[in-house]
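Biologist: I should like to learn how to read a protein model. May we go through one together?

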Amino acid sequence: MNSTKTYTVTEAKRKLERYCAYQERCHKEVKTKLKEMRMIPEAIDVILVHLIEHNFLNEERFAQAFVRGKFRIKQWGKVRLVRELKLREISTYSIQTALKEIDEEAYHQTLEALTLKRIAQVKENDRFKKKKKVADYLLYRGWESHLVYEKLNEFIK
């Protein structure tokens with residue numbers, strides 16, 4: 001016997017309102033949640049429209065919060081931020097708006113601090129190998145390659 005709970009549209013709306021109020025969500029996350037709740041496509045559309053109209057769901061607000069958080073806490077670069085937002089099917093306009101949340105001065109200071117920290121961590125005598133290891137780390141974190149190599153040339157001679 002299948003014991004999965006079924007929801008009416010009203011119940012699902014209330015549940016998703018709480019889900020979206022808890023933290024910012026993107027449209028893709030909400031659709032996935034509704035599919036997990038076994039809602040039919042017509043109900044999903046109705047609920048999404050309701051959430052957008054009542055400002056529980058806002059793609060631009062999600063993108064801005066995502067960029068601020070991931071930059072400040074995980075210290076991701078713009079390349080990684082854009083890639084992650086595209087993965088969540090966020091529009092190009094919202095991505096560009098969200099990237100404006102990052103102060104350029106803070107961005108360069110963060111890259112410099114990360115570079116210096118990683119240089120200190122890498123125990124390698126060959127300066128080319130050390131440069132490569134630090135560069136790989138920073139590129140993985142989503143920092144632009146031209147900025148990474150500028151910093152490395154500045155600090156590793």
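Modeller: The following turns take up the fold, the burial and one helix. This is a predicted model, in which local features need pLDDT of at least 70 and side-chain atom pairs count only at pLDDT 80 or more, while totals for chains, interfaces and linings use all residues. Residues are numbered from 1 along each chain as its sequence is written, and side-chain values use heavy atoms, with hydrogens and water left out.

Biologist: How many helices and strands are in the protein chain?

Modeller: Helices (H or I, at least four residues) and strands (E, at least two) are DSSP runs, numbered from the N terminus. The protein chain has nine helices and zero strands. Its radius of gyration, taken over C-alpha atoms, is 21 Å. The globule rule (2.2 Å times the number of residues to the power 0.38) gives 15 Å for 157 residues, so the chain is more spread out than a compact globule. Along the principal axes, the C-alpha atoms fill a box of roughly 65 × 40 × 20 Å.

Biologist: What percentage of the residues count as buried?

Modeller: Buried means under 20% relative accessible area (1.4 Å probe, protein chains only). Of the 157 residues, 41% are buried.

Biologist: Which residues of helix H5 are buried?

Modeller: An α-helix has 3.6 residues a turn, so residues three or four places apart point the same way. In helix H5 (residues 78–87), the buried residues are Lys-78, Arg-80, Leu-81, Val-82, Glu-84 and Leu-85.

Biologist: What covers the buried residues of H5?

Modeller: The cover includes helix H4 (59–74), helix H6 (92–99), helix H7 (104–121) and helix H8 (127–140). Just after H5, Glu-89 has a positive phi of about 60 degrees.

Key. Buried < 20%, exposed > 50% of the residue type's maximum accessible area, 1.4 Å probe, protein only. Contact = heavy atoms within 4.5 Å.
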